[in-house]
Structures are given as structure tokens and as C-alpha cells.
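Me: I am new to this structure and would like to learn how to read it. Could you take me through it step by step?

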Amino acid sequence: MLRRTGQSVVVLAGVSVIVFALVHLVPGDPIRLALGTRFSQETYDALRERSGLDQPLVEQFFSWAGAALTGDLGVSFRSGETVTSLIAERLPATLTLAFASILVALLIAVPLGTLSALRPRSLVDRGATVLSQIGISVPEFWMAIVLILVFAGTLGWLPSGGYVPLTEDPLGWAQRLLMPALVTGVVSGSVITRFVRSSVLEALGADHVRTAQAKGLPTRQVFTWHVLRNALLPLVTVTGVQLAYLLSGVVVVEIVFAWPGLGQLALQAVQARDYPVLQGAILLFAVVFLVINLVVDLLYTAIDPRIRR
Amino acid sequence: MTAPVLEVDDLRVQLRTPRGTAHVVNGLSYSVGPGETVAVVGESGSGKSVSVLALLGLLPQRVATVSGRALLQGEDLLSMPPERLRQVRGPGAGMVFQDPMTSLNPVLTVGRQIVEGLRAHADVNAAAARRRAAELLGEVGLPDPERALDRYPHELSGGMRQRVVIAIALSNSPALLIADEATTALDVTVQAQIIDLVERLQTDHGTGVIWITHDLGVVAGIADRVLVMYGGRCVEDGTVDDVLERPAHPYTRGLLGSLPDLAAPVGPGGEVPDLTTVPGLPPPPTDLPAGCVFWPRCPVRGDARCETEQPPLVQVGSGRSGHFGRELPHRAATWCSEEVR
Ligand SMILES: Nc1ncnc2c1ncn2[C@@H]1O[C@H](COP(=O)(O)OP(=O)(O)OP(=O)(O)O)[C@@H](O)[C@H]1O
Ligand code: SF4
Ligand SMILES: [Mg+2]
């Protein structure tokens, strides 16, 4: 465990170098973009000096990384707010959407994948295959727009977008969450369904299932403890991957539903060449990824005795 | 005259494979009396495992077609309702599977896997079931059974896992024990211990045993009768003495000749019989010969019907009385049992 944490720290250090380099490789001058079309050379130089962009890149990196270690991610070129406060503002919306989506995804994938595996090549299985193909290949914005047209437009049941905190307006929160969570949940769910199907199928064919049957266990018990329990292992991994993806911001869905998440923040930062915000966001995504990896590993250790040491 | 524990009549198994229908078991009939041990021998692929898996409905349903009758204590296993079959698995028939490395669930403890089998059939509380599980592990010769209960399969050696599987099969004192290569992974001492244990079960409960093995030493040591399988058929069966000392079928003779010296049976006059190994491979179950299954490899082929007509399993030599008062005939399926002698 300690070694894993150590590895994560090394990875994170590497990632921050790459992040920094990449961000600064994006063509475009942030100061010019911030100042608009008409400005004097003096204003330009002053601003450039104030943001530290006149320093050599290596020095810029170390001052940024040093501050980042203390939790200071700098100040946005665009708005002047601290990057941490910008991220903190967006984090609840992103967390809400990501966890709601993964819930939707699992609610779709586990029953559907399991049923498909139990009756391979049956109507259910073929149907599930087609549906998940559709889920994977239909663009998210298209799905989102159809939902908005139907539920916000024609039926008028749901607001077309936006976000309110749960604490302020629970019903409004749920209404606004439903459609974006459905879109991203269906996409992730389609991917996870395929995994559930193949891992349940594999578990069903395992020799130990025959032993369990030969003991005279009731079918339900065989299925729960000797099939599903074993199929759970790959499910944990794929769910972790999907969650990491959802947490790093689903830009398209955020934009269509006016969802104020991290994806939008990162996109705006790219457009404005807002280096500190972009660096902060990407660094956060890297941390999220590492944390989820760590959690997946921990879960694995808990549910697979073969890994325990 | 005691009723047999198991009576198999015309068992047939077809498996759907990508290469066509495989006729894996083709009209197998035999019976196992109470306390009796029937050894099933035959080359790899002759259908030994499939024929016993079929009895308990353990073949993949989507590919397997099973027909015939298999009466376990008078009830047909092949036509009983699923819930009844579940009740019979365990106390009616216990099974030890061929591959000990994969027949236990890797994510559940050994103790749990024994206990759930006990509790599926008897109303015992968890603590009592656990005590019984430890007892069983002790009986199959696992050192430190209490601690072994909390181990996972991967923490045990192959031999120990095999003993766990044996303990599971024995846990409900089955009327019929099916052991598929049960002691193959075990060393001689442990093997002897297991055989002792099974023999005790046979005396105490009248358990009938089907023992699938490649080891002629085991056959000679524990079996009452031997059934020789080839191409999914019984080509010869009879008492151990009859089959090992007076094999009537060319295949049995080939099989005996191909086995190690240690196991080679000794003739009535004390001489080692002059047997030859049969070259060639068994026919694929998707494409069996029209006549005698052994025809493609048979060195005798002493009859015009060999190639075209399936020889029936008929009595050879003189039938004799077994110790349960049943007739124990010596049968073989060949047109030429006389020439072979
Ligand atoms: N699930 C299955 N699907 C298709 N064919 C199978 C299946 N199981 C077994 N077979 C085939 O059935 C035939 C008999 O196999 P079986 O396992 O009964 O042989 P065996 O006599 O037990 O051999 P061994 O001594 O190697 O254990 C083989 O040709 C095998 O390939
Ligand atoms: S029937 Fe003919 S081919 Fe078959 S074993 Fe006997 S002699 Fe050989
Ligand atoms: Mg076998």
C-alpha cells in the first residue's frame, strides 16, 4: 500500500511536468487574448511581468509546482480569481453528475449484461447488443438534444438545463440532473454492459460452478456466490475507468445542458489560454485518476483473496 | 438380492460442437451395487467424464443432449424435476471432479465451500456445520483442519485442494460416490488414506462407488468390477479378475499392454501375459466408424462383420456370483472374443 502511494507521487510529479509543458505548447498568447484588440506595449509588458510569463519556462514551472505543493494553483489570467476557488465552485456539479451517471450506468449494465449472459444469443441478448452498440455510437449531443426536445420542449416536464445545489432546491436539483445523468449514464452503461456480459459468461463456464451445482446448492445460491461474486472482479475495474472519465468532465453534455462542471471550466481555459486554470484542471484530473486507481486496487484486494498478501 | 444403488440403461450423450455432433456416449449400461466399486478405465477422450457428468445433469445444457435412464436408488436421474435433482446432488450422489486446480471457487474460503454443501441439505447451524467441516478435512488427511477452513484454495497445494474436493463430495454421506481421477494428484500415502476412508464409507453406508482412473494399480486394489470404455461405449466389463486376467476384447488387451509393468496383471500360471500396445488414435466422436468402434486400430479384425456391424455387448466365459449374490457376468463387445483368447 505504501509502495502504491509512493508510485502515485512519482506519477503525479511526472504528470505535472507533462501538463505544464503541454499547456505552454498550446499556440496563442494568453495576454493578447486577455487584453482584446487595442492595448499599448506597456500594458502588455506589465501584465506579462505580473503573470510571470516573462520568466524562463523552467523557472515558471518550479514556481508553479512549488506553489501547487502548498495548495496554491495560481490565479486565473481571465477572471483574476484563484484557480482553487474556481475549481471548488465547479466540483459539486461535476461530482453530482459523475456519480449519478455511474449509478444509471450500473442500473442498466448489471441486469442487462447478466440477462444477456444467462441467455446468450436470445432475444434479450441480441437486443442488449444492439442497444449498447447504439449507446456507444450515437453522439452524446444528439442524445442530449433529443431528450431536451422531448422532455423540456414537447412534454415540458423538465427544465432544459442548468444546475441548482441539492441543499437549495432538492426537487429542482433532481429535475435538472435527470437528463444529463441519463445521457452520460447510457453511454457508460453501454460500455459496462458488454463487460458484465462477458465476465458473467466466463464465470458461468468456470469449473467451480459445476462443483457448486454438484453439492446440490439452490440455483440462486450458485448464481450469487459462484457466478456473480466472481464476475464482480472485472466489473470493479471497468466501473473505475468509467468513473474517472466522467469525473474529468463530460464537456459536450455539460455544454448542452448548461451544467457548470469542470469540463466547461477546462474548455473555457483552453479557449482563453488561461494557463493557470488549465494546469490546475488537468492536474486535478490526474489526481482523480490516481485516486480512483488506488481505490480500485483497494477494492480488488478486499474482494479478491488471491491478491491479498 | 439387494437392489443396485445405480442402474444405468442405454445412456447416450451427444454434444453439439463446431465440427458437428459429437457422439460422446453411445448406449452405456451398467449398474453399481451397494458397497460395490466399479472402476471405469479407458483412453483419454473415451467419454468417461462426460458419462458421469451426464448422470447428475452437469453438462452444459445448451450443447448436450442426454438420453437413456439412470436409476439412483430407483429414481431416474435423467428425468427428475430440477428441485428433486438438486436434493439428490450431495446426499444421493457426491462427485469428485477431475481437475482439483479449478474445481474450487477461488474467492471463497475452503470452510465456506464445505459448509454451504452441508447446509444445503441438513438443517444445521453455522457453528455445527463448521465443526463438521473441520472433521471432514481431518478425515481426508488435511493437516491442521481448523486453520485450513479459513484458507482460500490458492493457498493450498493441488493435492490439498483435491482432498478438499473429496471432503465436499463425502460431506453428505452419499449413496453413490463418483470419483473422476480423484487420487491422481496425491502421493501414495495420502491415496491409501483416501481409499481407506472411502472403503469405510462403503461398509458403514453401503455407498456405491464409480472410480474413474488410469491407474491399474488402483483398479486392482479397490475395484470389484471394471468397465472398459472406448469410443463412448462399454467394450468390456466384468470382475477385476476376469477383465485383468482374461481380457476378452482386443482393446482391453492393448490397454493392459500399454500400462506400466507394476500394474501389468499376472496370468493364472504366474506368467506376465504377452500383451501388445495398440498403435493409433481413438476415432473422433464426431465421426465414429459404422461397425466396431475399435475396427480402425484393431489388430484382430477376425470377422466379416467387424467393419460394418456394431458388435453387441455379450457374455463371454462363464458368469460368476458376486459377494452380494448378484450375477457378475463378464461381457465384451467384439465379434472375435474366442480368437483373442
Ligand atoms: N463441453 C464439451 N463440449 C464439446 N465436447 C466435449 C465437451 N466435454 C467433453 N467433450 C468431448 O467429449 C469427449 C469425451 O470427453 P471426456 O472428458 O468424457 O473424456 P475422458 O474419458 O474423461 O478423458 P480423460 O481421461 O482425458 O479425462 C472428448 O472427445 C471431448 O473432446
Ligand atoms: S469386433 Fe472385430 S474389429 Fe472390433 S474389436 Fe472385435 S475383432 Fe476387432
Ligand atoms: Mg475425464
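Me: How much surface does chain B expose?

Reply: Accessible area comes from the Shrake-Rupley method with a 1.4 Å probe, and for residues only the protein chains shown count as cover. Chain B exposes about 14500 Å², and carbon and sulfur atoms supply 51% of that area. This is a predicted model, in which local features need pLDDT of at least 70 and side-chain atom pairs count only at pLDDT 80 or more, while totals for chains, interfaces and linings use all residues. Residues are numbered from 1 along each chain as its sequence is written, chains are lettered from A in the order in which they are written, and side-chain values use heavy atoms, with hydrogens and water left out.

Me: What percentage of chain B is buried?

Reply: A residue is called buried when its relative accessible area is under 20% (1.4 Å probe, protein chains only). In chain B, 54% of the 341 residues are buried.

Me: Which domains does chain A have, and how far apart are their C-alpha centres?

Reply: Domain bounds come from an automatic or database domain assignment, which for chain A gives domain 1 (2–69) and domain 2 (86–308). The C-alpha centres of these two domains of chain A lie 33 Å apart.

Me: How many residues of each domain of chain A are in contact with the other?

Reply: Contact means heavy atoms within 4.5 Å, and by that rule 17 residues of domain 1 of chain A touch 14 residues of domain 2 of chain A.

Definitions and conventions:
Buried < 20%, exposed > 50% of the residue type's maximum accessible area, 1.4 Å probe, protein only.
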